[in-house]
Amino acid sequence: MAVDRDRVAAAVRDILVAIGENPDRPGLKATPQRVADAYADFFSGVGEDAGEPLAHTISVSRGPAPDTLPSGAVLLRDIRFRSVCEHHLLPFAGRAHIAYLPGEQVVGLGALPKVVDVLAARPQVQERLGEQIADTIAASLDARGVLVVLAAHHECVTMRGGRQPDAATITIAARGELAEPAARAEIMMLVTGTPT
């Protein structure tokens, strides 16, 4: 579903009036349309299928390197993401780290950031975002386990309330074999770069 830019612009104009501003003054005249354009980008994942980037898999046993079967996790670290918190419509941004234990199928590494992008481009909370990423990977691949670690800074924490500019939120979502503490510990060490 595409964002209705005209309705967003009209709503932003109403907000400007509601806070006591003049939406027709030079500095604000184009603001409603600018916000509408930004929201079309911020919320482009609404209604999109997050599993679609994972539809094209590579067979491990019949693929380009059948003699090289993976025995451990595939880990992609430091995937940058940004989203908008559904509580205050303020941005949060950070890095995602995704690991999975392949079964018979693997996926091109470029597909994992696309899953993150689709799911982050919706009104979100970080806790649900990590769970959705893990569920999408688990449902789309025959992975034996999935681990998703998100570390983000939230503008609702840095700009309002406690105003803690350095506070970071870290969430973990695990499925299958990577839900086991020992398996998860090894991956966490690789994510953080420190022994656990």
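Two strands count as paired if DSSP finds at least two bridges between them, and the strands themselves (E, at least two residues), like the helices (H or I, at least four residues), are DSSP runs numbered from the N terminus. The model is predicted, so local features need pLDDT of at least 70 and side-chain atom pairs count only at pLDDT 80 or more, while totals for chains, interfaces and linings use all residues. Residues are numbered from 1 along each chain as its sequence is written, and side-chain values use heavy atoms, with hydrogens and water left out.

**Exercise 1. The sheet**

Work out the order of the strands in the open sheet, and state which strands stand at its edges.

Solution. Step one is the order: the open sheet has five strands, arranged β5-β2-β3-β6-β7 with mixed pairing. Step two follows from that order, because β5 (123–124) and β7 (169–176) each have a single partner strand, which leaves one side of each without a neighbour in the sheet. Step three takes the pairings in turn. The parallel pair β2 and β5 is held over two bridges, and within it Val84 stands opposite Pro123 of β5. On the other side, β2 and β3 run antiparallel and are joined by nine bridges, with Pro91 as the bridge partner of Val84 in β3. Ten bridges then join β3 to strand β6 (residues 145–154), again in the antiparallel sense, and here Arg95 has Ala151 of β6 as its bridge partner.

Step four adds a helix. Helix α3 (residues 111–120) lies across β2, β3 and β5, and runs at about 15 degrees to β2; for such an angle, axes are lines fitted to C-alpha atoms, for helices over the stretch in contact, and angles run from 0 to 180 degrees between N-to-C directions.

**Exercise 2. Positive phi**

Locate Asp78 and Leu89, which have a positive phi although neither is a glycine, and decide whether each is buried or exposed or in between.

Solution. Begin with the background: most residues other than glycine have a negative phi. Asp78, with a phi of about 60 degrees, is found in strand β2 (residues 74–85). Its relative accessible area of 35% makes Asp78 partly exposed, on a scale where buried means under 20%, exposed over 50% and partly exposed in between (1.4 Å probe, protein chains only). Leu89 lies in the loop between β2 and β3 (91–101). The hairpin of these two strands has five residues between them, and Leu89 takes its positive phi, near 55 degrees, there. At 42% relative accessibility, Leu89 is also classed as partly exposed.

**Exercise 3. Helix α2 and its aromatic rings**

Check the length of helix α2 against expectation, then describe the aromatic cluster that contains Tyr39.

Solution. The expected span of a helix is 1.5 Å times one less than its number of residues. For the twelve residues of α2 (residues 31–42) this gives 16 Å, and the end C-alpha atoms are 16 Å apart, so the two agree. The buried residues of α2 are Thr31, Pro32, Ala36 and Ala40, and α1 (5–18) is among the elements that cover them by contact, meaning heavy atoms within 4.5 Å.

Turning to the rings, those of Phe, Tyr and Trp (its six-membered ring) pair if their centres lie within 6.5 Å, and planes under 30 degrees apart count as stacked, over 60 as edge-to-face and the rest as tilted. The whole structure has four aromatic pairs. In one of them, Tyr39 and Phe42 have ring centres 6.1 Å apart and planes at 40 degrees, so this pair is tilted. Tyr39 and Phe42 are three residues apart in α2, and therefore about one helical turn separates them. Tyr39 is partly exposed at 23% relative accessibility, as is Phe42 at 29%. The rings of Tyr39 and Phe43 have centres 5.2 Å apart and planes at 90 degrees, so that pair is edge-to-face. Phe43, at 9%, is buried. Together, Tyr39, Phe42 and Phe43 form one aromatic cluster.

**Exercise 4. Two cysteines**

Explain why the sulfurs of Cys85 and Cys156 are not counted as bonded.

Solution. A disulfide is a pair of cysteine sulfur atoms within 2.5 Å, and a search of the whole structure finds zero of them. For Cys85, the nearest cysteine sulfur is that of Cys156, 4.4 Å away. That distance is too far for a bond, which is why Cys156 remains unpaired with Cys85. Cys85 is buried at a relative accessible area of 5%, and Cys156 is buried at 15%.
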